[in-house]
Amino acid sequence: MDTPDDDLEFDFFEDEPATTEAQSHSRVRLPRRGGRGTGMRRPTAPPRGVTPLVRLLGLIAILIAALVVFGLVIQSCASTSKEETYKNYKAKVAAVAQSSTQDGAELATELTTPGVKVADIDSKLSGLSQQERQALAVAQRINPPGRLRTIHENLIEALQLRVNGIEGLAAAFRATAASKAKGDASLLVAPAQRLVASDIIWSDLYQGPANNVMRQQGITDVAAPKSAFVANQDLVTERSMALVLQRLRGASTGGTPTGLHGTNIISTKVLPGGQSLSETQENTVTATADLQFAVTIADSGDSQEVGIKVTLTIAKPGGAIVKTKTLPLINPGQQRTVTFADLGQVPFAQKTTVKVDVSPVPGEHTTTNNRASYPVIFSLG
């Protein structure tokens, strides 16, 4: 028996899956316009193109901040490195400066030592010349920061002048050792002037410009070292050199000093006020924190005197205050002042005595004017 046609058609459409088109149409919903509802809407999302842009801008900002911080760190490190470079340079130059200054002080001491002879001077100058040559060699090996290279050459020139000056003095002393000509001192002036010139070059053409460069570079806690070779300007004039030769020749003969020799006390003043002390009247002295006594003496003879000891004594219970200083050199007719400081605790509100004694120089016969005694009462003011 045949199956009815309508049953076959029903089974066919029942088993066939729904088409894609049918599914898509079934999911489409139209937005509601008005009508009832909860009144809430979903938050509107930013356009898809804005979020990446915001993220990119944030990343750029972070990178810029990191670069700024990194740049500051590099700048700080560079500044520290530059400062250390200048500090290391200063330390090397300071060693040379100190050595050369010491050589100058030794030369002055040798020329002002009582009883020194020409042979002694020649030997001392030979040693100082070698020391200055070593200082020059060290300075030539120093590698200065770039901006100081040209200025450093002036330092080297100053040291070269010191070598030339010392060697010139040695040659002049040897040449005039056996002579008695009055014009011999002129042979000593030229090399002595080289020593003076070396100090000027160091100060004006090295130290000052070097400090200017370091300030321009922002280096404020490093200063170019100072060095002065001529410790006593009185030794480098032609008159002084003539007196030096006269004194050295007298010592070389080994005889008794000839001519008039002697010193005398001119005044004793209280500093900082400048009060002059009297030997005949009682002196009331205000004992300030920076109390000092300035003793002025004169060369009353016709010869150059050196190594003069001056002693200040303040009497007080329990032990006197005694201070001694040495006046390196004084020329005939010249007045020089010796200042005594750091006196300690002076006796207050009681009578005491301040004494000054100047040691006699060789060949001095009158010594009564080498001593002075002042009655004093110290007050607190």
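Buried means under 20% relative accessible area, exposed means over 50%, and partly exposed lies in between, with a 1.4 Å probe and protein chains only. Keep those classes at hand for the tour.

The model is predicted, so local features need pLDDT of at least 70 and side-chain atom pairs count only at pLDDT 80 or more, while totals for chains, interfaces and linings use all residues. Residues are numbered from 1 along each chain as its sequence is written, and side-chain values use heavy atoms, with hydrogens and water left out.

**The whole chain**

Start with everything selected, in cartoon view. The protein has seven helices and nine strands; these are DSSP runs numbered from the N terminus, helices being H or I with at least four residues and strands being E with at least two. Of its 381 residues, 35% count as buried. Switch to a surface: about 23,000 Å² is exposed, and carbon and sulfur atoms supply 54% of that. Accessible areas here come from the Shrake-Rupley method with a 1.4 Å probe, and for residues only the protein chains shown count as cover. Among contacts (heavy atoms within 4.5 Å) with a separation of 6 or more, 74% are between residues 24 or more positions apart.

**The open sheet**

Next, select strands E3, E9, E8, E5 and E6. In that order, these five strands form an open sheet with mixed pairing; two strands pair if DSSP finds at least two bridges between them. E3 (283-286) and E6 (321-330) are the edge strands, each with a single partner strand, so one side of each has no neighbour in the sheet. Neighbouring strands of the sheet are turned by 30° against each other on average, direction ignored. The axes behind that angle are lines fitted to C-alpha atoms, for helices over the stretch in contact, and angles run from 0 to 180 degrees between N-to-C directions.

Now walk across the sheet, one strand at a time:

- Zoom in on E3. It runs parallel to E9 (residues 371-379), joined by four bridges, and Val-285 has Phe-378 in E9 as its bridge partner. Asn-283 and Val-285 make up the covered face of E3, whereas Thr-284 and Thr-286 make up the uncovered one.
- Move on to E8 (residues 351-358). E8 pairs with E9 in the antiparallel sense over seven bridges, and Val-354 stands opposite Tyr-374 in E9.
- Show the side chains of E8. Thr-352, Val-354, Val-356 and Val-358 point to one face and are buried, while Lys-351, Thr-353, Lys-355 and Asp-357 point to the other and are not.
- Add E5 (residues 305-314). Five bridges join E5 to E8 in an antiparallel run, with Thr-311 partnered by Asp-357 in E8.

**Helix H3**

Select residues 50-111, which are helix H3, the place of Leu-57. Which residues form a nonpolar patch on the surface with Leu-57? They are Leu-53, Leu-56, Leu-59, Ile-60, Leu-63 and Ile-64, and the patch has about 650 Å² of accessible area together. A patch is made of residues with over 30% relative accessible area and no salt bridge; like charges are joined within 9 Å, and nonpolar side chains (Val, Leu, Ile, Met, Phe, Trp, Tyr) within 5 Å. Leu-57 counts as exposed because its relative accessibility is 52%.

Stay on H3 and pick Lys-87 and Glu-83. Their side chains meet in a salt bridge at 3.5 Å, N to O; the term stands for a side-chain nitrogen of Lys or Arg within 4 Å of a carboxyl oxygen of Asp or Glu. The two are separated by about one helical turn because they are four residues apart in H3. Add Asp-221 to the selection: Glu-83, Lys-87 and Asp-221 are linked in a network of salt bridges. A search of the whole structure finds seven salt bridges.

**Between H4 and H5**

Select Asp-122 and Arg-174, a salt bridge whose closest N and O atoms are 2.8 Å apart. This pair links distant parts of the chain, with Asp-122 in helix H4 (residues 118-141) and Arg-174 in helix H5, 52 residues apart. Asp-122 is partly exposed at 22% relative accessibility, and Arg-174 is partly exposed at 48%.

Then pick Glu-167 and Arg-133, whose salt bridge has its closest N and O atoms 3.0 Å apart. Glu-167 lies in H5 and Arg-133 in H4, 34 residues apart.

**Last stop: Ser-179**

Find Ser-179 in the loop between H5 (149-176) and H6 (185-216). Not counting residues up to four places away in sequence, Ser-179 touches Asp-184 and Arg-249. Finish with a distance label: the C-alpha atoms of Ser-179 and Leu-245 are 9.8 Å apart, although 66 residues separate the two along the chain.
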